[in-house]
Amino acid sequence: MTSQRLIPSTVVDLFLQNGIPEVKVFSFSENVMKAFSGSGIGLTISIPNEVIHDINSTNGAREWVRKTITRFVLKNINIKYVNIGAEPFSPSFWSKTYLGAVDVLKMIQDALNEAGHGDKTKATIPHLTDILKPNNTKPSEAEFRDDIKDLMIQSLQILKENNSPVMIDMFPILFVNENNLDIEFAFTDGKSTYFVVDDNGLNYTNAFDFMYDSILWAMKKSGAPDLKLVVGQIGWPTDGYPDANIANAERFYKSLLPRVESNRGTPLRPGVPIDLYIHSLCDENKMKTKFGAFQRHWGIYRNDGEPKFLIDLSGQGRDVYPTTAKGVTYMPKRWCIFNEDTSNLTKVKYEFEAACQEADCTSLAPGGSCSHLTYNQNVSYAFNRYFQVKSQKEDNKACQFDGLAKVVPDNPSTGTCIFPVEILEAEVADRGASIGGQGERVYMVFKLTTLLPLLLIILSFI
């Protein structure tokens with residue numbers, strides 16, 4: 001969900017350069033899927049929440065599998081998981097829950113088995129940690145919410161019968177802030193002075209272990225103590241939230257990835273390998289910000305394919321940058337800035353707000369990377385963001401703002417605040433062509449595999 005998009009082949013090449021064996025795609029179109037053909041990369045694809053109710057019969061599930069899975073498998077595309085919805089039981093991020101997801105889980109898995117794909121392609125439901133009852137102070141206290149407990153038990157039984165994993169999305173930075181905990185508890189490098197000792201004597205020194213084992217306890221209490229648990233999303237935003245910055249993101253991955261690659265497991269499952277998908281590959285300047293500006297800043301890359309910080313995707317903990325996207329072409333080195341005409345501040349305010357309606361101004365928020373700017377620089381930042389989103393087109397007055405702006409050749413970036421120049425929009429979204437809905441959104445993930453010490457990551461693009 002970005003204004004300028006990398007072409008799918010460039011993104012797939014980026015995965016291959018970095019040794020990424022698996023990718024999660026939240027919604028997808030024909031050209032994106034074709035780019036993965038022959039790559040060997042394992043894909044997780046999703047049925048959007050709003051489409052769940054459309055697959056309401058055995059024949060509907062068979063038809064979806066035939067049109068989606070079978071068709072792409074025949075094109076040498078490796079589909080590992082089918083996600084039924086996106087956190088469909090979450091009351092935290094959706095105005096409604098999609099309780100029909102369990103019925104669709106069974107119908108899709110049955111259809112996969114019937115079509116001969118069941119050994120290689122598994123259906124599962126990705127969940128947010130809010131499937132648990134709130135206010136747990138110890139992992140052993142955790143259990144599924146009463147309103148979904150029966151559905152969770154049903155889904156776990158389906159997963160057991162098909163050797164499919166439970167998939168959980170967890171965000172330590174949000175967990176510690178929402179629970180008023182020390183931010184150090186969000187990191188796995190052992191520097192936190194806060195810890196939790198459970199009734200069974202197990203010691204929890206970080207949010208990752210706490211959250212992971214909480215889900216394991218809920219699974220155990222619901223009759224599924226041995227199912228594989230995959231971390232479907234985990235990451236650290238670099239802007240738009242308390243403690244969301246590049247230094248903390250680098251630190252977060254610096255300890256987490258080697259720790260997962262070492263197969264240490266968690267206190268409740270010591271020595272058991274964990275599969276983990278990093279959220280996400282790229283920033284998304286068109287992501288909705290209903291729940292916070294941070295939603296646009298999860299990427300380990302900027303949306304031009306440039307890495308934002310040091311991260312060793314092999315899980316070895318080296319101070320290295322991941323490979324940069326190749327073949328990316330930028331628009332001309334020019335910026336749109338405020339001409340500092342403050343004779344009519346009402347007009348300036350109007351044009352500033354109009355620019356931010358279409359462009360991403362989230363970095364200007366308190367605590368953001370551009371929150372230190374002067375009044376004039378704030379206006380310039382908004383104008384330039386709009387100018388770049390509109391591909392620097394002066395014929396549609398992208399740098400006019402009722403006579404308040406001008407184009408300059410000198411980079412106005414200052415301190416931590418980057419005034420970007422966008423890439424050429426080489427890839428235009430397949431409007432309405434996404435398979436299963438969400439026509440313009442392609443949103444991906446990488447994973448840390450346990451057989452190969454490599455990381456998959458959540459790629460955000462299209």
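How much space lies in the second largest pocket? The legends below get to that after a look at one strand pair and one arginine, and the model throughout is a predicted one.

**View 1. Strand β1 and its partner β2.** Strand β1 covers residues 22–25. Its side chains split two ways: E22 and K24 point one way, V23 and V25 the other, and all of them are buried. Next door in the pairing is strand β2, residues 42–47, which runs parallel to β1 and is joined with it over four bridges. Look for V25 standing opposite I45 of β2.

**View 2. The β-α-β unit.** Here helix α2, residues 30–35, joins the picture. Together β1, α2 and β2 make a β-α-β unit, and the unit is right-handed.

**View 3. R296 and its neighbours.** You'll find R296 in the loop between β10 (276–279) and β11 (335–338). With a relative accessible area of 14%, R296 falls under the 20% cut-off, so it counts as buried. The side chains of R296 and D360 are joined by a polar contact of 2.8 Å. Leaving aside residues up to four places away in sequence, R296 also touches a string of others, including D283, E284, N285, K286 and M287, as well as A359, C361 and T362.

**View 4. The second largest pocket.** Back to the opening question: this pocket holds about 750 Å³ of space. Its lining counts 36 residues, and the closest to the centre are D283, R302, R385, I418 and P420. Helices α9 (246–261) and α11 (375–389) each supply at least two residues of that lining. D283 turns up twice in these views, touching R296 and sitting among the residues closest to the pocket centre.

Note on methods. Residues numbered from 1 in each chain as written. Predicted model: local features only at pLDDT ≥ 70, side-chain atom pairs only at ≥ 80, totals over all residues. Heavy atoms only, no water. Buried < 20%, exposed > 50% of the residue type's maximum accessible area, 1.4 Å probe, protein only. Pairing = 2+ DSSP bridges. Right-handed = clockwise from strand over helix to strand, strands pointing away. Polar contact = N/O pair within 3.5 Å; in protein donor to acceptor, adjacent residues only side chain to side chain. Contact = heavy atoms within 4.5 Å. 1 Å grid on protein atoms, 1.4 Å probe; cavity = no way out; pocket = protein on both sides within 12 Å on 5 of 7 lines; lining within 4 Å. Points joined across faces, edges and corners; volume = space filled by probe spheres on them.
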